[in-house]
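The following exercises are to be worked with the sequence and the model at hand. Each task is followed by a solution in steps.

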2 protein chains.
Amino acid sequence: MHPEPTPVYLDCDTGIDDALALGHLLASPRADLVGVGCVHGNIDVDAAVENTRRLVTLAGRGDIPVAPGASAPLVGEFAGGAPHVHGVDGIGGVRESLPSPTAVPVDGDAVDLLLRLSREHVGELQLLAIGPLTNLAHALDRDPGLVDRVAGVTVMGGAARVPGNVHPVAEANIWHDPEAAQVVVAAPWPVTLVPLDTTMEHTLDERHRQRLCDSASAYARACGEMLDRYLDFYGEVVLGRRAAALHDPLAAAVMLGEVNRVRSPRVPVEVDCSRGPGRGQTICDLRSQRRLVGDVDGANVRVVLETAPGYVDLLLDLLEQV
Amino acid sequence: MHPEPTPVYLDCDTGIDDALALGHLLASPRADLVGVGCVHGNIDVDAAVENTRRLVTLAGRGDIPVAPGASAPLVGEFAGGAPHVHGVDGIGGVRESLPSPTAVPVDGDAVDLLLRLSREHVGELQLLAIGPLTNLAHALDRDPGLVDRVAGVTVMGGAARVPGNVHPVAEANIWHDPEAAQVVVAAPWPVTLVPLDTTMEHTLDERHRQRLCDSASAYARACGEMLDRYLDFYGEVVLGRRAAALHDPLAAAVMLGEVNRVRSPRVPVEVDCSRGPGRGQTICDLRSQRRLVGDVDGANVRVVLETAPGYVDLLLDLLEQV
């Protein structure tokens, strides 16, 4: 007997691995994707909206509201995205091959959507943020009571014991809006941080990509096609082998309990909002973990340091069912 | 056949583990300790001088020049030391039981001593810094040509992939003078950083301490006695078992090649001198190490991430020979 699916609000900057996470949420029996907010990050916010609408349309789920959110971080301007990672269109050059969106434009912005959904699903809504945290910070600012209406917040972002990706100690989602990230981790709600420590351990390689390309599912095929470029980048610049890290979809799986957390203590977390060389670092105070393997009293952020292996197979199974 | 011993200038804030490092240098056939400069850090600089002079006198080496150095960091004031770790006298309460110093006061300060030794041993002098790096920064400021006259600089300090000790990401020696540390790692000389990543892996426990207490060497017995307090602190606050990390002496052993470096890439290193939560962090750019296990072109700082086990036995053997 399956439990009731969890209502999920997704906040994303679609993005190749965002597309995988979206596919995971659309196919998983544990999730009921009730709305998507978009944000600057991998690409500008308008492109994120367009990509997301086309992807939900491709999945036959044009009924899911997709709302535009922040076009820039709390401080400063949109950084220009990551075309060298995700392609100029954000999804590896496949946008034009996707169907035109059938989704009806949503009234209001991503914050309006998130606040409305939090009232419709009081105590049940899970937030999954896989881009910069600007929309969530705006939502907390507009309605601090939000913290009491959501069941939890899962964030793909940060690096605790491993190097960053855009800077020596900073991961891209946090780097793109450290001030917003600090607002989110400091708010009195349960946050689960899924950092590079564990997302870099889950990879997809060319063999997996071929399986997607050969799938009966149009969504899976689109993912396979856009991953071509992503594997190039990771192969050349990051990993030294043609494979890619499953950052965003892993966070979806962790949120839904589909991948077991092996080590994930609740510890104090502060985001470095200085202008120094550590800007954008998620400073996780792991000093206690030398003698204590477990949660620190009063800490509201769970840092997922390690997860069980094998997620890529679940992801492929789900994408083939979209 | 032994190689010629290496002339060594030690810069220290003596300190319990400093006393162990000093003993290591005094006994090792690979080292010729030609001078010691003292600095604020674990204790105020005057106490560091007094402790060091008494210890070299105890070892029958009152001939080694011991010079006072900086009493405060480049920016700000002396932080007050760490009496909860090292005791009020800096060496676990044993100072008064040590002989009065016979060492003749040195002309000039630690910087004078260091610069003089660098001219007497051009191209051969190894610097071992096991306190805040204030003296070295002053020396570089006073005579930038120093970089060409020393064989190398080994620093106990920092944390690359593990938590700090005084702050979530900051280790004490660096934290006590980040600006000086940045001067030292940015100077064009070969620096070997021995951070908590490896020093925390080398511990001394009560059984080892008892061996020191039972030794025929007065120096070893003094170390055994002062370690009583150090083991208390580490047991209660850091490790959760009665044992202590061999921070400073391990750096001596690494410098002298008595402990093998297992993993120690040269990578870009920057010290966080901001006023943010990352202040004092040694930001080691290890991103390259995902695909490359080895040195980064142009980087002058070798970060010792891992060393061969077993150092404590060598240390005990050496201390018994002081």
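**Exercise 1.** Which residue is the bridge partner of B:Val153 in E6(B)?

*Solution.* The model is a predicted one, in which local features need pLDDT of at least 70, side-chain atom pairs count only at pLDDT 80 or more, and totals for chains, interfaces and linings use all residues; side-chain values rest on heavy atoms, without hydrogens and water. Residues are numbered from 1 along each chain as its sequence is written, while chains are lettered from A and ligands numbered from 1 in the order in which they are written.

Step 1. Locate the strands, which are DSSP runs (E, at least two residues) numbered from the N terminus, as are helices (H or I, at least four residues). Strand E5 of chain B covers residues 150-156 and strand E6 of chain B covers residues 191-194.

Step 2. Establish the pairing, for which DSSP must find at least two bridges between two strands. E5 and E6 of chain B are joined in the parallel sense over 4 bridges.

Step 3. Read off the partners. B:Val153 is bridged to B:Val191, and B:Met156 to B:Val194.

**Exercise 2.** Determine which way the side chains of E6(B) point, and what lies on its other flank.

*Solution.* Step 1. In a regular strand, side chains alternate between the two faces of the sheet.

Step 2. B:Val191 and B:Leu193 point one way from E6(B), and B:Thr192 and B:Val194 the other way. All of these are buried, that is, under 20% relative accessible area, with exposed set at over 50% and partly exposed in between (1.4 Å probe, protein chains only).

Step 3. E6(B) also runs parallel to E12(B), to which 3 bridges join it. There B:Leu193 stands opposite B:Val303.

**Exercise 3.** Assemble the whole sheet of chain B and identify its edges.

*Solution.* Step 1. The sheet is open and parallel, with 7 strands in the order E3-E2-E1-E4-E5-E6-E12.

Step 2. Strand E3 (66-68) and strand E12 (301-303) of chain B each have a single partner strand, so one side of each has no neighbour in the sheet. Neighbouring strands are turned by 20 degrees against each other on average, direction ignored.

Step 3. E1(B) and E2(B) run parallel and share 7 bridges; one of the pairs is B:Cys12 with B:Cys38. Of the 8 residues of E2(B), 7 are buried, so this strand is largely enclosed by the rest of the structure.

Step 4. Add a helix: H2 (residues 45-58) of chain B lies across strands E1 (6-12), E2 (31-38) and E3 of chain B, at about 175 degrees to E3(B). Such angles run from 0 to 180 degrees between N-to-C directions, with axes fitted to C-alpha atoms, for helices over the stretch in contact; contact means heavy atoms within 4.5 Å.

**Exercise 4.** Which rotation lays chain A on chain B?

*Solution.* Step 1. Superposition is by least squares on the C-alpha atoms of residues with pLDDT of at least 70 in both copies. A turn of 180 degrees with a shift of 0.0 Å along the axis gives an RMSD of 0.0 Å. This is the relation of a two-fold axis.

Step 2. Within chain A, the residue closest to the rotation axis is A:Arg161, with its C-alpha at 2.6 Å. Both copies use the same surface, as 100% of the contact residues of chain A recur in chain B.
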